[in-house]
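Here is a walk through one protein model, written for somebody who would rather look at it than read tables. Have the sequence and the 3D view open side by side.

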Amino acid sequence: QVQLVESGGGLVQAGGSLRLSCAASGGTFRNTAMGWFRQIPGKEREFVAGVNWNSARTLAADSVKGRFTISRDNAKNTVYLQMNSLKPEDTAVYYCAAQRLPFTQVVFTTPPDYAYWGQGTQVTVSS
């Protein structure tokens, strides 16, 4: 079983940057695709970005493409989300998650495809 702990959230002005980290323990992190999702109250959790197990493939939502970058360091069991040019509409709780199927080149974009979740970290972007 994989345990995930996010960090790096906070308050930032529009146009600023933040880097989120997600540290994994247990399970087989390096075999598993990872994703970042975000959620605001009253709305469904939405896919932000994902990376497959060996970093050969990444995927980003249209709303963040060109501004957010996902990466991973398997030696450190950590996945990152670099967020640049932040906008007020990026305000949400951000979650990292581990995909169910190991060793897949596919990066899934829906929550049911992810088996393990962190507790979330709040990102607030002021205008």
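## Strands first

Strand E2 (residues 10–13) and E11 run parallel, and four bridges join them. In this pairing, Leu-11 stands opposite Thr-124 in E11. E11 also pairs with E9, this time in the antiparallel sense and over three bridges. There, Val-93 is the residue that stands opposite Gln-122 in E11. Two strands are called paired here if DSSP finds at least two bridges between them.

Before going further, a word on where this comes from. This is a predicted model, in which local features need pLDDT of at least 70 and side-chain atom pairs count only at pLDDT 80 or more, while totals for chains, interfaces and linings use all residues. Residues are numbered from 1 along each chain as its sequence is written, and side-chain values use heavy atoms, with hydrogens and water left out.

How does E11 divide its side chains between a covered and an uncovered face? Thr-121, Val-123 and Val-125 make up the covered face, and Gln-122, Thr-124 and Ser-126 the uncovered one. In a regular strand the side chains alternate between the two faces of the sheet.

## The whole chain

The protein has eleven strands and zero helices. Both kinds of element are DSSP runs numbered from the N terminus: helices are H or I with at least four residues, strands are E with at least two.

As for overall dimensions, the C-alpha atoms fill a box of roughly 40 × 25 × 25 Å along the principal axes. A compact globule of 127 residues would have a radius of gyration near 14 Å, and the protein, with 13 Å, agrees with that. That radius is taken over C-alpha atoms, and the globule rule is 2.2 Å times the number of residues to the power 0.38.

Contacts tell you about the fold too. Among those in the protein with a separation of 6 or more, 60% are between residues 24 or more positions apart; contact means heavy atoms within 4.5 Å. On the outside, the protein exposes about 6,300 Å², and carbon and sulfur atoms supply 50% of this. The areas come from the Shrake-Rupley method with a 1.4 Å probe, and for residues only the protein chains shown count as cover.

## An open sheet

Four strands form an open sheet in the order E1-E3-E8-E7, with antiparallel pairing. Strand E1 (3–7) and strand E7 (68–73) each have a single partner strand and stand at the edges, so one side of each is left without a neighbour in the sheet. Neighbouring strands of this sheet are turned by 15° against each other on average, direction ignored. The axes behind that angle are lines fitted to C-alpha atoms (for helices, over the stretch in contact), and angles run from 0 to 180 degrees between N-to-C directions.

E7 and strand E8 (residues 78–83) pair over six bridges in the antiparallel sense. Arg-72 stands opposite Val-79 in E8.

## What is inside

Of the 127 residues, 42% count as buried. Buried means under 20% relative accessible area, exposed over 50%, and partly exposed in between (1.4 Å probe, protein chains only).

The largest nonpolar core has 27 residues, and Trp-36, Leu-81, Met-83 and Tyr-94 have the most contacts inside it. Strands E3 (18–25), E4 (32–39), E5 (46–51), E7, E8, E9 (92–102) and E11 (121–126) each supply at least two of its residues. Apart from it lies another core, of five residues, including Phe-37, Phe-47, Ala-97 and Val-107. A nonpolar core is a set of buried Ala, Val, Leu, Ile, Met, Phe, Trp, Tyr and Cys residues joined through side-chain atoms within 4.5 Å.

Thr-32 lies in strand E4. Leaving aside neighbours within four places in sequence, Thr-32 is in contact with Trp-53, Arg-72, Ala-98 and Gln-99.

## Residues in and out of the loops

Here is how some residues sit.

| Residue | Place | Relative accessibility |
|---|---|---|
| Thr-32 | strand E4 | 7%, buried |
| Ser-55 | loop between E5 and strand E6 (58–60) | 39%, partly exposed |
| Ser-85 | loop between E8 and E9 | 41%, partly exposed |
| Glu-89 | loop between E8 and E9 | 57%, exposed |

Ser-55 is not a glycine, yet has a positive phi of about 65°. Ser-85, likewise a residue other than glycine, has a positive phi near 50°. As for Glu-89, its C-alpha atom is separated by 31 Å from that of Asn-74, 15 residues apart along the chain.
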